[in-house]
Amino acid sequence: MFTADDHRFMARALELAERGLYGTTPNPRVGCVIVNGGEVVGEGWHEKAGLPHAEVNALAAAGSRSRGATAYVSLEPCVHQGRTAPCAEALVKAGVARVVAALQDPNPLVAGGGLARLRDQGVAVSCGLLEHEARELNIGFVSRMTRGRPWVRLKVAASLDGRTALNNGRSQWITGEAARRDGHHWRARACAILTGAGTVRDDDPRLTVREVQTSRQPLRIVVDSKLETPPTAKILQGGGVLVAAAQEDKAKIAALRARGAEVLVMPNSAGKVELGKLFRELARRGMNEVHVEAGPRLNGSLLQEGQVDEFLIFLAPSIIGDAARGMFHLPELTELAGRRQLKILDTRMIGPDIRVVARFA
């Protein structure tokens, strides 16, 4: 169905889409390549929400050579009017003869409508080329559109024996500079970075992106059931902070709001933050990917409540000992049958440390 050239041009479209890795939220990352007579005549990608989409940029670069051409797009062209005009109509107007899409748009406002519109206008359409790669690039957007919740990626830095901090809470630094720099790449691609009140207390982190260039800072979220985050915490500097609490304390809430933080109170029956409700609210606000950097208690709660989709684990070549803190605070298992099996997707060296990316099997 698809030729070697089709694969090559779609791979280029995905490469272009990845250039929007840090900036397109809440929109998906999309790339487009216009080909006429076997020659690339136009390329484009979506750079930032509110700016032209990939197809529009590629068509502008191609100009009159778009007529009779093939457009390779990493996501189905949109058909609805948002902050920008529908891309399906732009392709039709430009005289494109064929459109190859990697992935059907999971957005209910599109969901095949863009491809149907193109077919109705006599454009040859095919979909599914490098679909897996396109889905992975936009896994958070797909999650938000199909599940009503963001893709939650939990990052842990640990010693080789699985210890994340000393018993007194000190954890800086278990891994090396290269791993910490790589961790900022993962922060930058997320819409929000989530931590717990314990991490704020022990490490006083800023949780900003500093090691890579980005046009925006993710929202920072503190899960703080008892409103223990001090107004002097570094994470409150610069705004863009949401505190999720489980109790009403007008004085503490007022103090946090005075520092520019938004406070949401959403308790569960156990007097903790209702994590599922929090993630649904984040999805409602357009959050595609949430990056978690927390301690073992919050990590354990997220795991027990089924809120973790992916693990990003950095292992340092060191041993700390079992008196130190682990990765997850979980109930004791008495049978190995109760363990959660993971599938390792990627393992590589980052400086002297090992980085593992895994999901549930």
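Student: Which residues are linked in a network of salt bridges?

Tutor: This model is predicted, and its salt bridges number 25. Some of them join into a network. The members of that network are R29, E136, R153, R189, E289, E310 and R359.

Student: Which residues lie nearest the centre of the second largest pocket?

Tutor: The second largest pocket holds about 540 Å³ of space. Its lining consists of 19 residues. Those nearest the centre are E136, L137, W186, R189 and R359.

Student: Which element gives the largest share of the lining of the second largest pocket?

Tutor: Two or more lining residues come from each of helix 5 (131-137), helix 7 (177-189), strand 13 (342-350) and strand 14 (353-360). By class, the lining divides into seven nonpolar, two polar and ten charged residues. The largest share, four residues, comes from helix 5.

Student: How many charged residues does the lining of the largest cavity have?

Tutor: The structure holds one cavity of 30 Å³ or more, and the largest cavity has a volume of about 60 Å³. Its lining is formed by T24, T25, N27, P28, R29, N138, G140, F141, C191, N288 and E289. R29 and E289 also belong to the salt-bridge network. In the lining, three residues are nonpolar, six are polar, and the charged ones number two.

Student: How many residues apart in sequence are the parts that R147 and D309 tie together?

Tutor: The side chains of R147 and D309 meet in a salt bridge, at 2.9 Å from N to O. R147 belongs to helix 6 (residues 139-147), whereas D309 is in the loop between helix 11 (296-304) and strand 12 (310-316), so the pair ties together parts whose separation in sequence is 162 residues.

Student: Is D309 buried or exposed?

Tutor: Its partner R147 has a relative accessible area of 39% and is partly exposed. For D309 the relative accessibility is 11%, and the cut-off for burial is under 20%. D309 therefore counts as buried.

Student: Which residue forms a salt bridge with E293, and where does that residue lie?

Tutor: E293 is in the loop between strand 11 (289-292) and helix 11, and the pair links parts of the chain 138 residues apart. Both E293 and its partner are buried. The side chains meet at 4.0 Å, N to O. The partner is K155, in strand 6 (residues 151-159).

Student: What is the relative accessible area of E262?

Tutor: E262 forms a salt bridge with R285, the closest N and O atoms being 2.7 Å apart. The pair links R285, in the loop between helix 10 (275-284) and strand 11, with E262 in strand 10 (residues 262-265), 23 residues apart. R285 is partly exposed, with a relative accessible area of 31%. E262 is likewise partly exposed, and its relative accessible area is 32%.

Student: Why do the buried residues of helix 4 line one face of the helix?

Tutor: The buried residues of helix 4 (residues 113-120) are G114, L115 and L118. Viewed along the axis of helix 4, they line one face because they fall within an arc of 100°.

Student: Which elements do the buried residues of helix 4 pack against?

Tutor: The residues in question are G114, L115 and L118. Just after helix 4, G122 takes a positive phi of about 85°. The buried residues of the helix pack against helix 3 (87-93), strand 4 (98-101) and strand 5 (124-127).

Notes: Residues numbered from 1 in each chain as written. Predicted model: local features only at pLDDT ≥ 70, side-chain atom pairs only at ≥ 80, totals over all residues. Heavy atoms only, no water. 1 Å grid on protein atoms, 1.4 Å probe; cavity = no way out; pocket = protein on both sides within 12 Å on 5 of 7 lines; lining within 4 Å. Points joined across faces, edges and corners; volume = space filled by probe spheres on them. Nonpolar A, V, L, I, M, F, W, Y, C, P; charged D, E, K, R; others polar. Buried < 20%, exposed > 50% of the residue type's maximum accessible area, 1.4 Å probe, protein only. Arc of directions from axis to C-beta. Contact = heavy atoms within 4.5 Å.
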